Amino acid sequence: MNVTKDGLEDRQLHIEDYLQMVSAEQKEYAEVSAHQRITENNDIIADFQTDNLMEQILHKDNLNKAYKKVKSNKGAGGVDGMSVDELLGFLKSNQKQLIQKIKDGKYKPNPVRRVEIPKETKGEFRKLGVPTVVDRVFQQAITQVLSPIYEKQFSENSFGFRPNRGAHDALKQCQTNVNDGYVYVVDMDLEKFFDTVCQSKLIEVLSRTIKDGRVISLIHKYLNAGVISRGMFEKTEVGMPQGGPLSPLLSNIMLNELDKELTSRGHRFVRYADDCMIFCKSRKSAERTLNNIVQYIEGKLFLKVNRTKTSVAHISRVKYLGYSFYRYKGKCRFRVHPKSVTKMKNRIRELTDRRNGWGNEYRALKLTQYIRGWVNYFGMADMKSMLQSNDEWLRHRIRAIYWKQWKKTKTKYRKLKELGMEEDFIQWHANMRQGIWNCSNNRLVKFALNNAKLHEWGYPTFTEFYLKICEN
């Protein structure tokens, strides 16, 4: 990209051209909302500009670190079409102007690009907002400065989007609670959390800690930047876009209010992002806890509880972070939840689709990457027998790929001979007409394409990875 000294203005014009597709009313909002300050909420903000957080955010070292993080994460571009590869040249030419605009309160974040990805539930989609790469740098810079400040405030029972904490830590805390006798849980589901966050409540919570009003104003602008969906501009007066570097931190700041309330009431709980489980010793206690906490969530935090998906249940009947729980000899243990197994098998079907046109080496690589990652995540579960059965199915699918690739009888004859099948059997097996799936499961074909041969060709199994990391 050729960047001139007017590169910043060119980018802004690009956005304005993009927004010409919207109606007159929407365009007027697009022009006005980007200039909005937090002045309408000044009654909330105390000690305006008494801290130097903005200077820390815009410090050269912090911005360089933020750029490197965005660069390493790669990702698609936003509504302005700028890619990560173009970012460095643009920042070199326009960094001073951008920093000055932010200091003066005149910076206008671009709308995010709406992307919808399907959820596990059929017909439901998760709405993601992809910021421009420039906005991602500044969001990352904000996150790097604010995270250490808020880490001191966050609960020990919160595990999502936090340094040196993860899903396995959350699951181990669940295990501890169950082993201590807390076997009934309130399985809490917040309905479309990122889409329904009350921005004024979030600003109020932020203002208790952040005393630099310029930072509050900039965050508020990001919340109000709007989205571009199917070429149309949409307001974002509620919620926050899920997909930018700032969103995970803001979600934890908002839900930390719930953590503090649960702690003050003496409840045991585990929260990973917006997935929260409250542990109780009896069903009655759990039902009472549910009724009380729903009032707080909806009345004080202005969030919505999904009544359909929120329930009180025994620990053996819940799914959390892809795992299910069971008790053996009085101790809590893990299994892979059936829905997670189904999801895994659907992914394996995609990777071993005989029609995807992949080369065998590339397919083996993709399978290895996926299986290693899947087993690393579910490694705490008791699943040896399930994986052994799954490996048989996987190898069957791989053999079917080769049988289809060989196609002609003479090719099958040659390949089977190369693989060591006896001459007396080759002719008959090369002429089998039972269909690819049945032929590939023939006893002698399985002997020719045996487990050792598939391993030699680079095909992985779930069991081999599991046995390396098995904790049970």
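**Close-up views of the predicted model**

**View 1. Helices H6 and H10 are oblique to each other.** The model shown in this view and in those that follow is predicted. Two packed helices are described by the angle between their axes and the distance between the axes. For helix H6 (residues 133–151) and helix H10 (residues 213–223), the angle is about 135 degrees and the axes are 12 Å apart. Angles over 145 degrees would count as roughly antiparallel and those from 65 to 115 as roughly perpendicular, so a value of about 135 degrees falls into the oblique class. The crossing of H6 and H10 is left-handed.

**View 2. Phe193 and Phe194 form an edge-to-face aromatic pair.** The structure holds 16 aromatic pairs. In the pair formed by Phe193 and Phe194, the ring centres are 5.2 Å apart and the planes make an angle of 75 degrees. Because planes over 60 degrees apart count as edge-to-face, the angle of 75 degrees places Phe193 and Phe194 in that class. Both Phe193 and Phe194 are buried.

**View 3. Ring pairs link seven named residues into an aromatic cluster: Tyr323, Phe325, Phe334, Trp374, Tyr377, Phe378 and Phe462.** The cluster includes the tyrosines Tyr323 and Tyr377. Trp374 is a further member, and the phenylalanines Phe325, Phe334, Phe378 and Phe462 also belong to it.

**View 4. Charged side chains sit over the rings of Tyr326 and Trp393.** The charged end of Arg335 is placed over the ring of Tyr326, at 3.8 Å from the ring centre. Over the face of Trp393 lies Lys345, with a distance of 5.3 Å to the ring centre.

**View 5. Ser207, in helix H9, contacts the backbone of Ile203.** Helix H9 spans residues 199–209 and contains Ser207. The side chain of Ser207 reaches the backbone oxygen of Ile203 at 2.7 Å. Ser207 counts as buried because its relative accessibility is 3%, where the cut-off is under 20%.

**View 6. The side chains of Ser440 and His396 make a polar contact.** The distance in this contact between Ser440 and His396 is 3.3 Å. Ser440 is located in the loop that runs between helix H18 (436–439) and helix H19 (443–448). With a relative accessibility of 0%, Ser440 counts as buried.

**View 7. Arg230 and Leu321 have positive phi values.** Most residues other than glycine have a negative phi. Phi of Arg230 is nevertheless near 55 degrees, and phi of Leu321 is about 55 degrees although Leu321 is not a glycine. Arg230 belongs to the loop between strand E4 (227–229) and strand E5 (232–234). Leu321 is placed in the loop between strand E9 (319–320) and strand E10 (323–328). The relative accessible area of Arg230 is 74%, and Arg230 is therefore exposed; Leu321 has a relative accessible area of 16% and is therefore buried.

**View 8. Thr308 and Asp189 lie 8.7 Å apart in space, C-alpha to C-alpha.** In sequence, Thr308 and Asp189 are separated by 119 residues. Thr308 is situated in the loop between helix H12 (283–299) and strand E8 (311–314). At a relative accessibility of 74%, Thr308 counts as exposed, because the cut-off for exposed is over 50%.

Technical notes
Residues numbered from 1 in each chain as written. Predicted model: local features only at pLDDT ≥ 70, side-chain atom pairs only at ≥ 80, totals over all residues. Heavy atoms only, no water. Phe/Tyr/Trp six-rings, centres within 6.5 Å; stacked < 30°, edge-to-face > 60°. Buried < 20%, exposed > 50% of the residue type's maximum accessible area, 1.4 Å probe, protein only. Lys NZ or Arg CZ within 6 Å of the ring centre and 35° of its normal. Helix = DSSP H or I, 4+ residues; strand = E, 2+ residues; numbered from the N terminus. Polar contact = N/O pair within 3.5 Å; in protein donor to acceptor, adjacent residues only side chain to side chain. Axes fitted to C-alpha atoms, helices over the stretch in contact; angles between N-to-C directions. Parallel < 35°, antiparallel > 145°, perpendicular 65-115°, else oblique. Left-handed = near helix turned anticlockwise from the far one by under 90°.
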